[in-house]
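Please go through the two chains of this model with me, as questions and answers.

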Amino acid sequence: MGESFAAVMPANAYNWIAVWRRNFLAWKKVALASILGNLADPITNLFGLGFGLGLIVGRVEGTSYIAFLAAGMVATSAMTSATFETMYAAFARMDAKRTWEAILSTQLTLGDIVLGELVWAASKSVLAGTAIGIVAATLGYASWPSILYAMPTIALTGLVFASLAMVVIALAPSYDYFVFYQTLVLTPMVFLCGVVFPASQLPGSFQQFAGLLPLAHSVDLIRPVMLERGADSAALHVGALCVYAVLPFFASTALLRRRLLR
Amino acid sequence: MSTVAIELAGVKKSFGDKVIVNELSFSVARGECFGLLGPNGAGKSTIARMLLGMISPDAGTITVLNEPVPSRARVARVRIGVVPQFDNLELEFTVRENLLVFGRYFGMSARKIEAVAPSLLEFARLESKADVRVSELSGGMKRRLTLARALINDPHLLVMDEPTTGLDPHARHLIWERLRVLLARGKTILLTTHFMEEAERLCDRLCVLEGGRKIAEGMPDGLIDEHIGCNVVEIYGDDPHQLCELIRPHARHIEVSGETLFCYTPHPDQVRVKLRGRAGLRILQRPPNLEDVFLRLTGREMEK
């Protein structure tokens with residue numbers, strides 16, 4: 001078991017790049033549509049909620065509501081972008097398109113493929129998160145350099161949620177099961193993790209629970225950066241996100257091995 | 001370097017209660033074309049996937065290109081080309097991009113891939129299609145591209161799972177001709193097939209499988225001589241069991257499958273004389289082939 005599990009782990013530090021480049025080549029062919037899609041959804045939310053709700057809410061934590069929300073949206077879009085890329089696109093490559101099967105007949109291992117897919121999904125998160133940051137900066141709700149500073153956290157957030165979604169696709173028999181993960185895990189997380197309102201508004205026990213969720217750590221890192229404040233316990237948040245990225249990677253690779261290599 | 005390309009010894013595999021591969025042993029020499037012949041469900045694809053380390057045997061040992069599999073399958077795969085049963089090309093990519101992307105999985109540089117691509121495209125007769133999207137290619141062209149893709153790492157061994165299933169006769173003959181060219185270049189080929197003609201034309205040796213078990217192994221001609229060794233008269237158009245009684249004295253062996261009667265006889269003329277005058281009978285006299293061997297060994301036809 002130990003030896004054969006080692007055989008599916010990434011074979012070296014660079015094999016995954018071939019998988020990333022395959023996805024990049026495919027993405028380049030539809031880049032324009034992809035970027036517009038990345039922008040349209042968060043812009044709608046930002047304008048709809050920010051202007052509409054902002055009128056009622058006024059200022060939140062010493063800033064305008066739209067600036068508060070923009071920072072939360074950056075983290076959320078990193079989450080959804082990586083999740084959807086993994087749950088739908090990577091699942092298709094694993095299942096219907098048989099892309100992974102083709103790759104497994106080369107010198108790459110399953111771990112190389114999983115790693116390549118995770119980094120790719122994180123790359124798309126950077127694109128999606130940065131796109132909102134740019135919208136926010138253009139409207140004057142964040143400073144331009146802060147977008148740059150937020151990028152590493154956006155990438156890490158992408159890695160975390162790609163990694164978690166990889167566990168979901170390793171277990172889900174078909175697309176139909178993904179909706180459970182969306183509605184029972186992701187959507188509640190948006191409301192628990194201080195994206196649309198401060199988590200301090202939640203009852204105490206909820207706050208404690210929310211503090212364990214990956215999106216909360218991501219929001220707690222990105223918002224101070226975008227609002228140019230000092231982040232509290234940044235090392236703790238980064239550490240928690242790293243755990244959320246690494247553990248599911250091993251779990252999903254083990255589960256996918258059972259699913260694909262019997 | 002060993003002269004043996006593939007060695008299986010006592011390999012077993014079950015999924016749940018179902019035994020897929022049962023105590024299978026065979027070996028394939030370098031430069032040989034070895035066929036795994038059997039009907040659907042005989043375990044052919046499972047064996048092909050086991051050679052690549054994608055399925056682990058429950059018992060027994062597998063050695064491919066001197067590497068133990070599955071533990072060092074990754075190392076073996078560096079020198080293996082694979083043609084899977086179902087095409088898994090990148091449909092949105094062009095022919096050339098497919099080669100580029102696949103070459104990268106073997107750690108090849110873009111320059112190196114560009115250097116070998118023209119000869120691969122020429123080999124696959126796809127020179128004029130280099131910049132066409134794969135989704136626009138015909139089934140035969142896709143298959144040839146899969147073959148070209150399998151050659152990108154200049155493999156010693158090709159593992160092909162039903163390489164011509166689903167192709168029309170013309171496309172199939174073109175693939176066979178290309179495979180003979182590869183054999184002439186000294187490549188080792190392991191192919192699975194349920195086409196007797198394919199096995200007879202291409203394979204130096206083959207292993208006939210049924211229900212995961214080896215029921216015969218040898219050269220195609222040798223198997224035919226050993227198990228049949230005489231002419232075949234196929235008769236249909238009347239009650240086969242009634243006909244059976246009529247010609248039995250002149251037959252060495254008779255098989256009935258569906259509405260067709262297979263009469264194995266060294267004296268086909270005498271059989272014809274017996275049947276003379278019976279209206280509506282269709283009689284076909286032919287040399288024996290692997291289909292007859294399979295029928296003889298299992299009591300049923302392969303593609304039924």
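**Chain A and chain B in turn**

In this predicted model, residues 150–171 of chain A are 100% helix and 0% strand, with 32 Å between the end C-alpha atoms.

Q: Which residues of chain A does UniProt list for "transmembrane region"?
A: The listing comes from an unreviewed UniProt entry. Residues 150–171, the helical span described above, are among those listed. The full list for chain A is 30–53, 65–91, 126–144, 150–171, 178–199 and 234–256.

Q: How far apart are the end C-alpha atoms of residues 234–256 of chain A?
A: UniProt includes this span under "transmembrane region". In the model the span is 100% helix and 0% strand. Its end C-alpha atoms are separated by 33 Å.

Q: In what order do the elements of chain A run from the N terminus?
A: Chain A contains eleven helices and two strands. Read from the N terminus, the order is α-α-α-β-β-α-α-α-α-α-α-α-α.

Q: What is the radius of gyration of chain A, and why does it count as compact?
A: For 262 residues the globule rule gives 18 Å, and the value for chain A is close to that, so the chain is as compact as a globular protein of that length. Along the principal axes, the C-alpha trace spans about 60 × 40 × 35 Å. The radius of gyration is 19 Å.

Q: What percentage of the residues in chain A is buried?
A: A residue counts as buried if 20 or more other C-beta atoms lie within 10 Å of its own. Of the 262 residues in chain A, the buried share is 45%.

Q: Which strands are the edge strands of the open sheet in chain B?
A: The sheet has four strands in the order S2-S1-S4-S5, paired antiparallel. An edge strand here pairs on one side only. The twist from one strand to the next averages 25°. The edge strands of chain B are S2 (18–29) and S5 (67–69).

Q: Which residue of S5(B) stands opposite B:Ile62?
A: Strand S4 of chain B, residues 59–64, runs antiparallel to S5(B), and three bridges join the two. Opposite B:Ile62 stands B:Val69.

Q: Where in H4(B) does the kink lie?
A: Helix H4 of chain B covers residues 110–123 and has 14 residues. From first C-alpha to last it reaches 20 Å, close to the 20 Å expected at 1.5 Å a residue. The kink, of about 35°, comes shortly before the proline B:Pro118, at B:Ala117.

Q: What phi does B:Arg125 take?
A: B:Arg125 comes just after H4(B). Its phi is positive, at about 55°.

Key: Residues are numbered from 1 along each chain as its sequence is written. Chains are lettered from A and ligands numbered from 1 in the order in which they are written. This is a predicted model: local features need pLDDT of at least 70, side-chain atom pairs count only at pLDDT 80 or more; totals for chains, interfaces and linings use all residues. Two strands pair if DSSP finds at least two bridges between them. Axes are lines fitted to C-alpha atoms, for helices over the stretch in contact, and angles run from 0 to 180 degrees between N-to-C directions. The expected span of a helix is 1.5 Å times one less than its number of residues. The bend at a residue is the angle between axes fitted to the seven residues ending there and the seven starting there. UniProt positions are given in the numbering used here, feature names are shortened, and annotations may be inferred rather than shown by experiment. The radius of gyration is taken over C-alpha atoms; the globule rule is 2.2 Å times the number of residues to the power 0.38. A residue is buried if 20 or more other C-beta atoms lie within 10 Å of its own, exposed if 12 or fewer, and partly exposed in between; C-beta atoms are placed from the backbone.
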